[in-house]
Amino acid sequence: VDYKETLSDTREDKLASLSLQLAGRLVRASRESDREKEAVKGMIGDISHQLKTPLSNIKMCTELLEDPSLEERERLEFLHRIREQSEKIQWLLSQLVKISRLETGAISFAAGYEGLKQTIADSVASVFGAAEEKQIEIRVGEFPDLLVWHNRKWTVEALGNILENAVKYSPRDSAIDISIRPLELYVDIEIRDEGPGIGKEEFNLIFQRFYRGRNGEKTQGSGLGLYLTQLILSKEKGYVTVDSKPGEGSSFHVMLPIQFLQDSHNFSS
């Protein structure tokens, strides 16, 4: 046996194997890079689409304000519209910054076991004015102050996004019900509205960035709220699901880790 020839073949086989592995990694990296480029391209397109309308409105109002024959009442109305559209742009950009920083890890927040009652109260307070304007009643079922793993500030934002959608898409003089149900490992925070409902085929789509539900296309919105909600909850070891039928309202279930039930029984309702 020619041992030199055998060793040479072995080395060549190893080199060939390493070359194939390297080529495979390069192909995968190239595909990943292409996907990232497409994602960035799509996001830029979505952002441009979101900004196009308010910027056009600001431009139009500004041009109208240049008319010297404009009455004071009309001038104030156009100024109000400019302020309103500017605030919309500011809100959109702030949401995008939050999402970007959370996705990249530039923002991190600490979570711990905190009482849930104050978090629910703060979440309801964040949309109380908008609900009152549409005469929508927000009803919260009784529950003990369970210790739940979360960051209050960020969870209020996550729940507030769901409640904001519920108020936005629900008819006047309707109701939004919030119920809290402790499970073995999680607490189930259910937010149920009397809005137009969502088709089953959209259950996953509504949590994607910039997606607008078919039943909500006539209502102003950015399609960022639910995406940010699920992003925040994932940082807290939680998640969100939806149960709905067109014409029958929607129920969003926010699941967050709960402290052992035998410990939570010590808290009064």
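This is a short walk through one protein model, starting with its overall make-up and ending with a cavity.

Okay, hi everyone. Before anything else, please keep in mind that what you have in front of you is a predicted model.

Let's start with the overall picture. The protein has 269 residues, and 35% of them count as buried. Its secondary structure comes to 6 helices and 7 strands. If you read along from the N terminus, the order goes α-α-β-α-β-β-α-β-β-α-β-β-α. And here's a number about how the chain meets itself: take the contacts between residues at least 6 apart in sequence, and 73% of those join residues at least 24 apart.

Now, go to the front end of the chain. Helix H1 covers 3-65, helix H2 covers 72-104, and the loop between them holds Leu-70. So is Leu-70 buried, exposed or partly exposed? Its relative accessible area is 21%, which makes Leu-70 partly exposed, because buried would need a value under 20%. Leaving out residues up to four places away in sequence, Leu-70 touches Leu-64, Leu-65, Arg-75 and Phe-78.

On to the sheet. Which strands form it, and in what order? There are 5 of them, arranged E2-E4-E5-E7-E6, in an open sheet with mixed pairing. The edges belong to strand E2 (137-140) and strand E6 (239-244); each has a single partner strand, so one side of each is left without a neighbour in the sheet. From one strand to the next, the twist averages 15°. As a quick reminder, strands of a sheet pair through backbone hydrogen bonds, and they can do that parallel or antiparallel.

Let's look at two of the pairings. E4 and E5 run antiparallel and are joined by 6 bridges. A hairpin takes you from E4 to E5 through 3 residues. If you want a spot to click on, Ser-179 stands opposite Glu-190 in E5.

Then there's the pairing of strand E5, residues 186-192, with strand E7, residues 250-257. These two also run antiparallel, and 7 bridges join them. Tyr-186 has Pro-257 in E7 as its bridge partner, and Ile-191 stands opposite Phe-252 in E7.

Helices lie against this sheet. Helix H3, residues 116-133, packs on it and touches E2, strand E4 (175-182) and E5. The direction of H3 makes about 170° with that of E2. Helix H5, residues 225-235, lies across E6 and E7, and runs at about 135° to E6.

Last stop: empty space. How many cavities of 30 Å³ or more turn up in a search of the whole structure? The search finds 1. The largest cavity holds about 30 Å³ of space. Its lining is made of Ile-120, Ser-123, Val-124, Leu-159, Leu-163, Ile-178, Ile-189 and Ile-191. You've met Ile-191 already, as the residue opposite Phe-252 in E7.

Where does that lining come from? H3, helix H4 (152-169) and E5 each give two or more residues, and H3 has the largest share, with 3 residues. By type, the lining divides into 7 nonpolar, 1 polar and no charged residues.

To pull that together: H3 packs on the sheet, and H3 also gives the largest share of the cavity lining. That's what I wanted to show you. Thanks!

Conventions: Residues are numbered from 1 along each chain as its sequence is written. This is a predicted model: local features need pLDDT of at least 70, side-chain atom pairs count only at pLDDT 80 or more; totals for chains, interfaces and linings use all residues. Side-chain values use heavy atoms; hydrogens and water are left out. Helices (H or I, at least four residues) and strands (E, at least two) are DSSP runs, numbered from the N terminus. Buried means under 20% relative accessible area, exposed over 50%, partly exposed in between (1.4 Å probe, protein chains only). Contact means heavy atoms within 4.5 Å. Two strands pair if DSSP finds at least two bridges between them. Axes are lines fitted to C-alpha atoms, for helices over the stretch in contact, and angles run from 0 to 180 degrees between N-to-C directions. On a 1 Å grid over the protein atoms alone, a cavity is a set of points where a 1.4 Å probe fits but cannot get out, and a pocket is an open set with protein on both sides within 12 Å along at least five of seven lines; lining residues have an atom within 4 Å of a point. Grid points are joined across faces, edges and corners, and a volume is the space filled by probe spheres set on the points. Ala, Val, Leu, Ile, Met, Phe, Trp, Tyr, Cys and Pro count as nonpolar, Asp, Glu, Lys and Arg as charged, and the others, Gly among them, as polar.
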